[in-house]
Amino acid sequence: LDKTFEGLYGDSDLGIAVDIGTTTLALTLIDMEDGGIIDTYTAINPQRAFGADVITRIEAAIRGRAEELRGVISEALVKGIEELLGRSGAAAANLKKVCIAGNTTMLHLLMGYPTGGLGVYPFTPVSIGLEKRALGEVLEKAEGLPDELKDTAAAILPGNSAFVGADIVSGLYSCGFYENEKVCALIDLGTNGEMALGNRDRLIVTSTAAGPAFEGGNIKWGVGSIRGAISSVKINEGGAEITTIGGSDEVTGICGTGVIETTAELLENELLDETGVLDDEYFDEGYPLAKTAKGETITFTQKDIREIQLAKSAIRAGFETMLLNYGAKYEDIDRLYIAGGFGYYLDVSKAAAIGMIPEELLEKCEAAGNTSLSGAVKFLTAGTAAEKIVSSLAENSEEISLSADKNFNELYMEYMMFE
């Protein structure tokens, strides 16, 4: 283990914030006294082996694999907790509180709740309220959880519905929607494409099936936000210049921000047309980005472009439909937060270049990182007032259904083009 922090936090009260994404897990260790972030751990959600999105995992659980799904995520969280404590040099007894956010399906699978109601109309969750449990109860299917951690306080943040979960509520809390008079928007670029619009007086929320492309899923060389993932790309006459997470020379694949930036760069260099077709030179094999340690060429393919095309169209159409339902125009929005568990901050100009967000809002955009995780961090040190705030955000947000909205279907086709 990395012992960078060994001995520094041996006597401190610590907390761990957790974001369970469909594709990626993120855990952050904090000092409970001052809220300072000590260390962060990320890993791929091992449930990915059961399916790339929430629907396939719901189906797997219904088919009798719910215990397996609960077991693998519990084991992964124990590993992350032990890694963070080990790197900090702290004893298990120092961990005083854990706060967990995630979409509704991920939290149902973690808690062992039946998921049948999530996948069929009227999409009814078993529980979406704030829950306070002992960590041992939450992770009861994990082997090897130290006895000292079993009584640690754990909070599961509340969600709004089956498809707008605790991750978006945590994001709204992180970005201060509950106290802001001005109208703001939040887009969380995950598999579920959750978003929100409003202020302290009125909030509407929705979700769109963006698919896992923003998290590296269904991409030929796609990976989660892990060390060595291509996170930033610049294309010039000499080819692609890349940046990887952690600055690693051992390239492992391409993560969500890399997918968005590669698409934007191909467009800018006229290697990709507005309909989403790659230049003839790269149509069959894909555009080369880098080589792995084994000498394999990491390419960005025509199929990858179609994945991001579908995802960005779903996000943009969902956002525009939300504006129509709220009765707001671009000029009414004070701030647009772009969030996602990327492990790297998105270049919002690249998101605008592919038409995922409006060019008109570019100056109002803020790349907010993983707001689900940062909301959980904030909750850990905010005291009991935070419980009322997050519960109110969950209960008082009005959800709109895009599947029943004719505007969404029209806008989805309109924003399929790269223009």
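**A walk through one predicted model**

Okay, let's start with one residue: at 31% relative accessibility, Phe-123 counts as partly exposed, because that label covers what falls between buried (under 20% relative accessible area) and exposed (over 50%), using a 1.4 Å probe and protein chains only. A word on the ground rules: this is a predicted model, so local features need pLDDT of at least 70 and side-chain atom pairs count only at pLDDT 80 or more, while totals for chains, interfaces and linings use all residues. Residues are numbered from 1 along each chain as its sequence is written, and side-chain values use heavy atoms, with hydrogens and water left out.

So where does Phe-123 sit? You'll find Phe-123 in the loop between H2 and E5. Those labels are DSSP runs numbered from the N terminus: helices are H or I with at least four residues, strands are E with at least two. Phe-123 isn't a glycine, yet its phi is positive, about 55°. Right before it, the peptide bond from Tyr-121 to Pro-122 is cis, with omega near 5°. Pro-122 lies in that loop too, between H2 and strand E5 (131–134). For background, most residues other than glycine have a negative phi, and most peptide bonds are trans.

Glu-270 is another non-glycine residue with a positive phi, near 55°. Look for Glu-270 in the loop between helix H5 (256–268) and helix H6 (280–283). Is Glu-270 buried or exposed? At 68% relative accessibility, Glu-270 counts as exposed.

Now some strands. Strand E8 (residues 194–198) is mostly covered, with 5 of its 5 residues buried. Glu-194, Ala-196 and Gly-198 point one way from E8, Met-195 and Leu-197 point the other way, and all are buried. What pairs with E8? Strands count as paired if DSSP finds at least two bridges between them. Strand E7 (residues 184–188) runs antiparallel to E8, with 5 bridges, and Ala-185 stands opposite Leu-197 in E8. E7 and E8 make a hairpin with 5 residues between them, and Gly-193 in the turn has a positive phi of about 55°. E8 also pairs with strand E9 (residues 203–207), again antiparallel and over 5 bridges. There, Glu-194 has Ser-207 of E9 as its bridge partner. The hairpin of E8 and E9 has 4 residues between the strands.

Further along the chain, strand E13 (residues 287–291) and strand E14 (residues 297–300) run antiparallel and are joined by 4 bridges. Tyr-287 is bridged to Phe-300 in E14. This hairpin has 5 residues between the strands, and Gly-295 takes a positive phi near 90°.

On to the inside. A nonpolar core here is a set of buried Ala, Val, Leu, Ile, Met, Phe, Trp, Tyr and Cys residues joined through side-chain atoms within 4.5 Å. The largest one has 73 residues, and those with the most contacts inside it include Ile-16, Ile-81 and Leu-110. Helix H1 (residues 54–88) gives the most to this core, with 11 residues. And there's a second, separate core of 61 residues, which includes Leu-271, Ala-317, Phe-342 and Cys-365.

Let's zoom in on a few contacts, meaning heavy atoms within 4.5 Å. Leaving out residues up to four places away in sequence, Leu-110 touches, among others, Ile-20, Arg-70, Ile-100 and Leu-139. Thr-321, in helix H7 (residues 302–326), counts as buried at 0% relative accessibility. With that sequence cut-off of four places, Thr-321 touches Ile-400, Leu-402, Asp-405, Asn-407, Phe-408 and Leu-411. Then there's Ile-389 in helix H10 (residues 385–395), partly exposed at 23%. Ile-389 and Glu-179 are 210 residues apart in sequence but 9.7 Å apart in space, C-alpha to C-alpha.

Last stop: how many cavities of 30 Å³ or more are there? Just 1. A cavity is a set of points on a 1 Å grid, over the protein atoms alone, where a 1.4 Å probe fits but cannot get out, and lining residues have an atom within 4 Å of a point. Points are joined across faces, edges and corners, and the volume is the space filled by probe spheres set on them. The largest cavity comes to about 90 Å³. It's lined by 15 residues, with Leu-107, Ser-127, Ile-128, Ile-156 and Leu-157 nearest its centre. Helix H2 (residues 104–111) gives the largest share of that lining, 4 residues.

Terms used:
On a 1 Å grid over the protein atoms alone, a cavity is a set of points where a 1.4 Å probe fits but cannot get out, and a pocket is an open set with protein on both sides within 12 Å along at least five of seven lines; lining residues have an atom within 4 Å of a point.
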